[in-house]
Amino acid sequence: MASPVLSAEIGAVTSERGTSDYNVCVYHSGLREPLGRFIEKIWPNEGAADSGKALANVLRVPDEKQDAPIFLFLKDQEVIGHIATVPVRLYSHSGVCPAHWVVGFIVLPEYRNDIIGPLLIKKVNETLDLALTLHVEDAPLRIFRGLGWKYGGVIPQYVLPINTYSFLRNLNLAELSFVQRKDKSPAALLSKLLSRRSTRSVCLLALAAALRLFSSAATLCRPASDSETVREEMKFDSAYDTLWQRVAPTYHVLVVRDREYLQARYGKRMGRYRI
């Protein structure tokens, strides 16, 4: 099946499948039903639809009160591409300014090798004054960088698995670079052992025990402090503003996470989070 070649000017495009009408726009109430159908297609199961439910709340907000624009790519008035935004305040040493997180970059699978993604980002560039996003996949990174976004590098993340054996057992080994190695290095030997059903469980148990031992040793080596306590809290008080004022000056640029932000972001859903 041939897909239509789209130019920067969206409109009627003819392909082997006939003539279709394409459009990139910012969501408004007249697109409530097409966006609703898109949500149902992306998040069909209610149990896995937290993102869909959050997006669906936008459908009930009047156009003039929306401070988080949603960008849509339409084919014959049906949504096939989507980008959402989250308004934030961005701190720097020169002051605080409004910005947007760009999130929910989704194109239906059958259209992902086309120009839909770049045209959505182009519309974002034309509409927003300042925006930022987090992505790790190569495809969206190429689109953002190709359209002038500055790449800030990889943000380190630290994970301590609670059930180490289950964590390792569910790893997709095909995605791990060392599994592809064919030399005689320790990594290649480990990949060979993990690929064999007879030795995989033993190796996973050994790795789980090693990670648990490392975690315990790191905990014991950490300096103790009598002045620090850990407790659960049920609300955001003025101490969060104090913490923000202490931490913010140590960064060049940072999304504002003071009491006001945390209350707006999590306050109405405290039953789903623990602090």
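The exercises below work through a predicted model of one protein chain.

**Exercise 1. The chain as a whole**

Task: State how many helices and strands the protein chain has, and what share of its residues count as buried.

Solution: The protein chain contains nine helices and seven strands. Of its 275 residues, 33% count as buried. For contacts with a separation of 6 or more, 57% are between residues 24 or more positions apart.

**Exercise 2. Ser92**

Task: Place Ser92 in its element, decide whether Ser92 is buried or exposed, and list what it touches.

Solution:
1. Ser92 belongs to strand S4, which covers residues 78-92.
2. The relative accessibility of Ser92 is 18%. Buried means under 20%, so Ser92 counts as buried.
3. The side chains of Ser92 and Ser94 are joined by a polar contact of 2.9 Å.
4. Leaving aside residues up to four places away in sequence, Ser92 touches His252 and Val253.

**Exercise 3. The loop before S4**

Task: For Asp76 and Gln77, give the sign of phi, the location and the degree of exposure.

Solution:
1. Asp76 is not a glycine, yet its phi is positive, at about 50 degrees.
2. Gln77, also a residue other than glycine, has a positive phi near 65 degrees.
3. Asp76 sits in the loop between strand S3 (71-75) and S4. Gln77 is found in the loop between S3 and S4.
4. Asp76 has a relative accessible area of 41%, so it is partly exposed. Gln77 is partly exposed as well, at 41% relative accessibility.

**Exercise 4. Aromatic pairs**

Task: Describe the geometry of the pair Phe105 and Phe144, then explain why the pair ties together parts that are apart in sequence.

Solution:
1. Five aromatic pairs are found in a search of the whole structure.
2. One of them joins Phe105 and Phe144, with 5.8 Å centre to centre and 80 degrees between the planes. Planes over 60 degrees apart count as edge-to-face, and this pair is edge-to-face.
3. Phe105 is in strand S5 (residues 95-107) and Phe144 is in helix H4, so the pair ties together parts that are 39 residues apart in sequence.
4. Both Phe105 and Phe144 are buried.
5. Phe236 and Tyr240 also form an edge-to-face pair, at 5.1 Å centre to centre and 80 degrees between the planes. Phe236 has a relative accessible area of 7% and is buried; Tyr240, with 16%, is buried too.
6. Phe105 and Phe144 form one aromatic cluster with Trp149.

**Exercise 5. The second largest pocket**

Task: Give the space in the second largest pocket, then describe its lining by position, element and residue class.

Solution:
1. The second largest pocket holds about 1,200 Å³ of space.
2. Its lining has 31 residues, and the closest to its centre are Leu132, Thr133, Leu134, Gly152 and Ile155.
3. Two or more lining residues come from each of helix H3 (116-127), strand S6 (131-132), helix H4 (138-146) and strand S7 (253-255).
4. By class, the lining has 20 nonpolar, seven polar and four charged residues.

**Exercise 6. Val154**

Task: Locate Val154, classify its exposure and compare its separation from His135 in sequence and in space.

Solution:
1. Val154 lies in the loop between H4 and helix H5 (164-169).
2. Its relative accessibility is 71%. Exposed means over 50%, so Val154 counts as exposed.
3. Val154 and His135 are 19 residues apart in sequence; C-alpha to C-alpha, they are 9.2 Å apart in space.

Notes:
Residues are numbered from 1 along each chain as its sequence is written. This is a predicted model: local features need pLDDT of at least 70, side-chain atom pairs count only at pLDDT 80 or more; totals for chains, interfaces and linings use all residues. Side-chain values use heavy atoms; hydrogens and water are left out. Helices (H or I, at least four residues) and strands (E, at least two) are DSSP runs, numbered from the N terminus. Buried means under 20% relative accessible area, exposed over 50%, partly exposed in between (1.4 Å probe, protein chains only). A polar contact is a pair of N or O atoms within 3.5 Å; within protein, one must be able to donate a hydrogen and the other to accept it, and residues adjacent in sequence count only if both atoms are side-chain atoms. Contact means heavy atoms within 4.5 Å. On a 1 Å grid over the protein atoms alone, a cavity is a set of points where a 1.4 Å probe fits but cannot get out, and a pocket is an open set with protein on both sides within 12 Å along at least five of seven lines; lining residues have an atom within 4 Å of a point. Grid points are joined across faces, edges and corners, and a volume is the space filled by probe spheres set on the points. Ala, Val, Leu, Ile, Met, Phe, Trp, Tyr, Cys and Pro count as nonpolar, Asp, Glu, Lys and Arg as charged, and the others, Gly among them, as polar. Rings of Phe, Tyr and Trp (its six-membered ring) pair if their centres lie within 6.5 Å; planes under 30 degrees apart count as stacked, over 60 as edge-to-face and the rest as tilted.
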